[in-house]
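Let's look at how some everyday structural terms are earned. Here is the model we will talk through.

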Number of protein chains: 2
Amino acid sequence: MVPRRSFTIDTEKTTRTTYVLGTELTVNLNRCAPPQSKFFSIKCSPNVHYKITPQAKDRNAVPYPLTPNSVLIVTMDAVSKTANDSKLSVRYYGEKTEALGDALLHLTAVEISLDVDADRDGVVEKNNPNKGSWKWGPNGYGAILLVNCDSESTYKKTLDSEVDEISKVSDLQDMSKMILRTNGPAELPEGYKLTMHISQTTSENVRVFRPRTNVQKDNLFLKDYIMVVGTDMLTQKVPYLGGKTELEFFVEGLHFPDKDFDGLITINLSLLEPCGKDFPETPVFTDKVVFHVSPWIMTPNTLKPVEVYVCSTNDNYSFLKSIKNLVEKCGYKLKICHEYMNRGDRWMQDELEFGYIDSPHHQFPVVLDSPRDGDLQDFPYESILGPDFGYVTRHALNEEVSSLDSFGNLEVSPPVTVNGKSYPLGRIIIGVAFPTATRGRNMTQVVQDFLWAQKVQEPIALYSDWLVVGHVDEFMTFVPAPDRKKFRLLLASPDAGYKVFKSLQNNGHGKAESNSFILSDKKLQAENGYVQNCIDWNRDVLKKELGLDDEDIIDLPILFKVLEEKTDPRAVAYYPDMVNMIVLGDQLGIPKPFGPKVNGRCALETEVCSLLEPLGLKCTFIDDLAPYHKLLGEVHCGSNVLREPSPFKWWNLEL
Amino acid sequence: MVPRRSFTIDTEKTTRTTYVLGTELTVNLNRCAPPQSKFFSIKCSPNVHYKITPQAKDRNAVPYPLTPNSVLIVTMDAVSKTANDSKLSVRYYGEKTEALGDALLHLTAVEISLDVDADRDGVVEKNNPNKGSWKWGPNGYGAILLVNCDSESTYKKTLDSEVDEISKVSDLQDMSKMILRTNGPAELPEGYKLTMHISQTTSENVRVFRPRTNVQKDNLFLKDYIMVVGTDMLTQKVPYLGGKTELEFFVEGLHFPDKDFDGLITINLSLLEPCGKDFPETPVFTDKVVFHVSPWIMTPNTLKPVEVYVCSTNDNYSFLKSIKNLVEKCGYKLKICHEYMNRGDRWMQDELEFGYIDSPHHQFPVVLDSPRDGDLQDFPYESILGPDFGYVTRHALNEEVSSLDSFGNLEVSPPVTVNGKSYPLGRIIIGVAFPTATRGRNMTQVVQDFLWAQKVQEPIALYSDWLVVGHVDEFMTFVPAPDRKKFRLLLASPDAGYKVFKSLQNNGHGKAESNSFILSDKKLQAENGYVQNCIDWNRDVLKKELGLDDEDIIDLPILFKVLEEKTDPRAVAYYPDMVNMIVLGDQLGIPKPFGPKVNGRCALETEVCSLLEPLGLKCTFIDDLAPYHKLLGEVHCGSNVLREPSPFKWWNLEL
């Protein structure tokens with residue numbers, strides 16, 4: 001809809017105003033008509049056009065009859081060369097020949113457009129008709145903003161979003177460009193000015209910078225970038241440069257979407273008109289643009305790895321060597337967190353989760369730092385945050401942080417389609433207490449709120465509180481597959497475990513001591529019956545929420561045992577928990593289970609290989625018994641993988 | 001989608017479970033198959049049915065071949081008479097004749113349905129397929145809840161939502177009924193139980209009550225209603241009554257939608273299965289229902305009045321008499337707030353706003369108490385809150401309360417359609433500072449957040465800070481009309497004011513002293529030029545946001561003057577501000593303007609009547625000069641009108 005502005009003219013003095021191309025001035029002709037006026041006529045410069053409503057019945061009746069609702073609609077088709085160079089006058093008549101007065105209007109036409117990349121192609125186009133709103137989907141529109149959560153410095157780091165100024169010119173790359181395009185006379189008519197403005201709420205989430213205009217573009221230094229609007233600065237004048245010019249702005253996102261922030265940011269630019277001395281100016285034209293902050297996006301196991309992270313401790317030398325061999329074989333980078341930094345905390349999976357943010361002009365990885373805060377707590381900020389590697393965290397408020405806040409309890413599925421609804425970026429998976437439990441551990445609300453607010457990977461809450469450690473990665477993972485949905489869900493399965501041991505017994509291998517020990521332990525059987533119930537409950541939720549069939553799921557033979565923790569029975573893996581593996585393309589690094597040997601080969605390894613190798617996967621069994629399994633974790637708990645972003649663009653989601 | 005449950009059977013012992021009608025048990029036949037099993041066969045009771053996937057190629061091949069993915073899907077078609085009265089057995093074979101083992105399953109079938117009025121007809125239907133989600137619109141679904149914000153008591157009042165128990169049996173009328181329908185044997189099999197559960201977040205917004213089951217329905221006293229879930233009670237066992245029975249629950253909403261609460265409430269009911277001693281039960285079936293809390297809804301001037309509220313003060317006797325005459329003539333009730341309560345604060349419009357909440361089973365008015373808190377502050381709670389008259393308020397947090405928080409600055413439009421989007425309940429209108437202002441007064445964020453969160457009357461923010469008092473009712477109101485959009489927007493207009501005075505002068509009435517005084521005052525003219533600018537800016541916003549044409553707007557002849565408040569120039573009405581009227585159907589109570597007289601009649605009154613009477617409206621001019629106008633308010637500021645709710649149901653909105 002064309003913006004319309006009500007305007008008053010006057011028969012007693014000449015009125016002046018500035019007109020913005022693409023708008024309409026509506027003049028109520030009755031308001032200023034001298035008493036007894038019955039007709040009127042219009043004269044104007046050639047670049048001024050007008051319409052009259054209601055239209056006179058006789059189109060050729062000049063002068064026009066004045067009705068109580070007579071409205072003059074004025075438009076112009078070219079910008080002015082000098083102030084007030086265009087004219088329009090209205091003459092009022094009593095009877096056709098008797099002139100009662102003239103209302104003169106002097107007009108200055110300018111072109112003003114605040115522009116962004118609303119069509120999401122990486123280029124700031126001119127005056128996109130949809131720039132003032134935001135819509136999801138491939139037919140959607142609206143510009144995109146990144147939270148400037150990396151740090152341009154590697155030493156003496158701070159998040160770029162936490163400093164009010166631009167610390168390096170490279171920081172501009174993390175911001176979205178916005179261009180103010182103006183065209184008109186060398187100067188605006190006296191008293192007019194342009195002003196950029198944002199709301200109080202928006203000011204917490206965005207900063208806008210611009211270069212000083214008295215400096216040559218190629219000669220700009222850091223000090224030449226000034227903040228226009230942002231924290232504590234809701235509105236500021238911006239220069240009108242005259243002629244046909246473009247003024248560049250850089251827009252910086254400060255916060256991720258969360259429970260109380262939907263991610264949308266509106267920036268306004270107004271032309272203010274003077275109202276005479278002693279009175280404030282009033283805006284006569286406002287252009288607005290809307291940005292959506294990129295959500296934080298997780299990467300499923302099916303995406304290509306970039307770097308593998310693992311801790312070096314005083315007792316994990318051979319484990320580290322195995323991981324190194326595997327990673328080198330795959331051709332990825334290995335990053336080792338040394339002991340001075342990890343202080344013996346080996347749970348690389350638990351302290352952090354890798355994700356990324358994405359826009360048409362730029363993308364970079366962002367680490368989510370867990371409120372777990374073990375001895376590894378400084379690692380994400382100190383060692384990962386840097387140029388084009390962002391950082392975000394959430395701190396628990398009046399809530400106890402539990403083991404369920406470790407990010408072994410935060411995973412993401414590969415892309416799925418569920419009852420026709422597609423999740424091309426997959427769905428986040430977390431573990432919580434049973435919904436029916438009267439007490440139990442949960443992931444802190446602040447982290448849950450953050451994850452839900454990202455919207456593009458709608459989370460699924462599983463039940464993981466039945467485990468001592470309580471992480472979903474203790475009973476599930478995803479591996480790539482060439483067929484079906486392009487992946488399989490692997491689930492730990494005591495039933496599958498017992499099947500292996502029974503089968504061994506049946507084939508005459510039952511004399512292996514561990515084997516008969518397991519099969520004769522009724523308490524262990526009862527415990528595993530309970531564990532299978534717990535996993536089956538999760539299996540049913542995953543089938544429903546990811547749209548999986550039984551054929552999409554593989555049961556891995558894993559037994560658990562139940563420990564009495566105070567009065568709450570909770571489970572741990574009985575032997576190394578093979579589902580807690582590292583997935584690097586088609587290479588799997590699986591905890592070595594140390595099962596009974598048949599013909600010199602571990603029967604559990606044989607079984608797992610027979611389940612996974614037909615999918616083209618290669619299984620490497622890694623001994624993590626002493627340094628990880630005995631401390632209630634395995635290969636996955638002790639590692640982390642930075643992966644490439646999804647090729648799917650989050651703004652193309654149909655939400 | 002049919003709820004499916006993964007289930008394990010065992011060849012070494014009989015398994016027992018409870019089956020809920022309408023679900024499917026899926027049994028992975030491989031899991032418990034004895035080693036070397038190649039075939040299987042099934043036997044079952046007549047009320048047990050099964051399917052096998054993948055389907056055997058030869059449908060008549062009995063026994064069936066066992067594949068790695070063989071899954072048995074079990075359903076039942078009637079409830080059990082006694083526990084475990086239905087059976088199913090799976091026999092495994094090595095070769096066709098060689099039986100390797102039997103897995104026996106004993107089944108108890110029950111029917112469980114947690115029911116609500118999901119089709120919104122005032123009756124709790126049985127197992128509505130959409131009861132677990134919520135959708136807006138005439139084809140929408142999902143149950144509705146009221147915030148129990150009235151007080152069953154008239155003395156020693158507290159909001160019903162603030163007490164953990166039911167204070168009177170009549171309080172049940174304010175709650176939504178929910179029914180647990182069960183059918184099955186007299187008792188659940190040993191160890192099974194039903195439990196109702198809600199999330200932590202939900203527990204802040206809802207309470208569920210039920211009557212004790214050991215008391216005859218006709219004999220229930222207050223003490224016989226107990227809270228099932230709610231604050232600090234996330235889950236509780238509910239009784240299974242046996243046979244075909246219904247258990248009634250009463251659901252009470254505690255909070256209105258707000259910035260951090262979308263109004264949706266989920267209540268779950270689960271059947272828990274014992275997992276053997278020492279282990280917690282696991283839910284084997286969960287039914288859920290979703291409610292949406294009714295928003296607080298405002299009533300535009302076009303709705304029928306019920307009661308008029310006005311203050312009695314020591315100086316407004318004749319004003320009160322005029323109002324009384326007008327209200328009596330219209331046939332509505334007049335409620336007078338006496339001096340012991342108002343303590344001289346006469347601004348009845350400003351302390352409170354009337355609205356209502358609505359559901360298919362019940363509706364009642366709700367007063368929104370302003371954070372203004374003048375001397376009238378106790379009136380809404382002490383005098384209005386009561387049985388079936390609710391109360392809600394918002395307190396400013398770390399924000400200064402300004403004159404813009406008075407509810408003369410909170411209005412609502414009649415129903416409108418804007419660019420094809422319909423607002424059948426109208427749109428809320430508030431006044432704030434100019435978006436481009438570097439400083440200025442605003443409505444407090446808590447109240448703005450509340451208004452926006454109600455969603456059904458999407459607010460419009462006008463610019464009212466140009467006025468000393470700063471209320472939108474100083475320059476606009478709506479009156480009913482027989483034609484066009486069924487209403488007119490009335491706007492104060494200095495231009496229209498000057499037109500009247502000029503016309504008087506022109507017709508020889510210019511000698512009236514006040515008249516020539518006004519026309520010769522250049523300062524006043526400049527001030528009114530500025531005021532017209534401010535009102536025109538609002539006019540343009542209202543035209544756009546309400547989809548109005550100039551023909552939908554009437555300009556009333558009102559002049560303003562500008563006072564210097566510190567350095568901020570702000571406006572007040574020069575003579576009684578006629579747009580600040582009370583609208584009672586087609587009767588208007590308008591501030592008497594005391595304009596120049598022509599032929600013994602006030603020219604301003606004549607002009608206003610000529611504008612409004614053609615719409616079938618009757619104008620009564622009320623002298624409010626001394627007790628209201630001189631204190632910077634008028635008739636509307638000094639009164640309030642409780643109106644009938646809209647016949648349009650808010651849940652039928654397409655949002």
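A polar contact is a pair of N or O atoms within 3.5 Å; within protein, one must be able to donate a hydrogen and the other to accept it, and residues adjacent in sequence count only if both atoms are side-chain atoms. This is a predicted model, where local features need pLDDT of at least 70, side-chain atom pairs count only at pLDDT 80 or more, and totals for chains, interfaces and linings use all residues. Residues are numbered from 1 along each chain as written, chains are lettered from A in the order written, and side-chain values use heavy atoms, without hydrogens and water.

Q: How many residue pairs are in polar contact between chain B and chain A?
A: There are 17 such pairs, both residues being at pLDDT 80 or more.

Q: What makes A:Lys502 and B:Glu12 a salt bridge?
A: The term asks for a side-chain nitrogen of Lys or Arg within 4 Å of a carboxyl oxygen of Asp or Glu. For A:Lys502 and B:Glu12 the closest N and O atoms are 3.6 Å apart, so the pair qualifies. Across the interface of chain B and chain A the rule finds 8 salt bridges.

Q: Why is helix 7 of chain A called oblique to helix 9 of chain A?
A: Their axes are 8 Å apart and meet at an angle of about 140 degrees. Under 35 degrees counts as roughly parallel, over 145 as roughly antiparallel, 65 to 115 as roughly perpendicular and the rest as oblique, so this pair is oblique.

Q: Which residues of helix 7 of chain A meet helix 9 of chain A?
A: They are A:Pro494, A:Asp495 and A:Tyr498, with contact meaning heavy atoms within 4.5 Å.

Note on methods:
Axes are lines fitted to C-alpha atoms, for helices over the stretch in contact, and angles run from 0 to 180 degrees between N-to-C directions. Helices (H or I, at least four residues) and strands (E, at least two) are DSSP runs, numbered from the N terminus.
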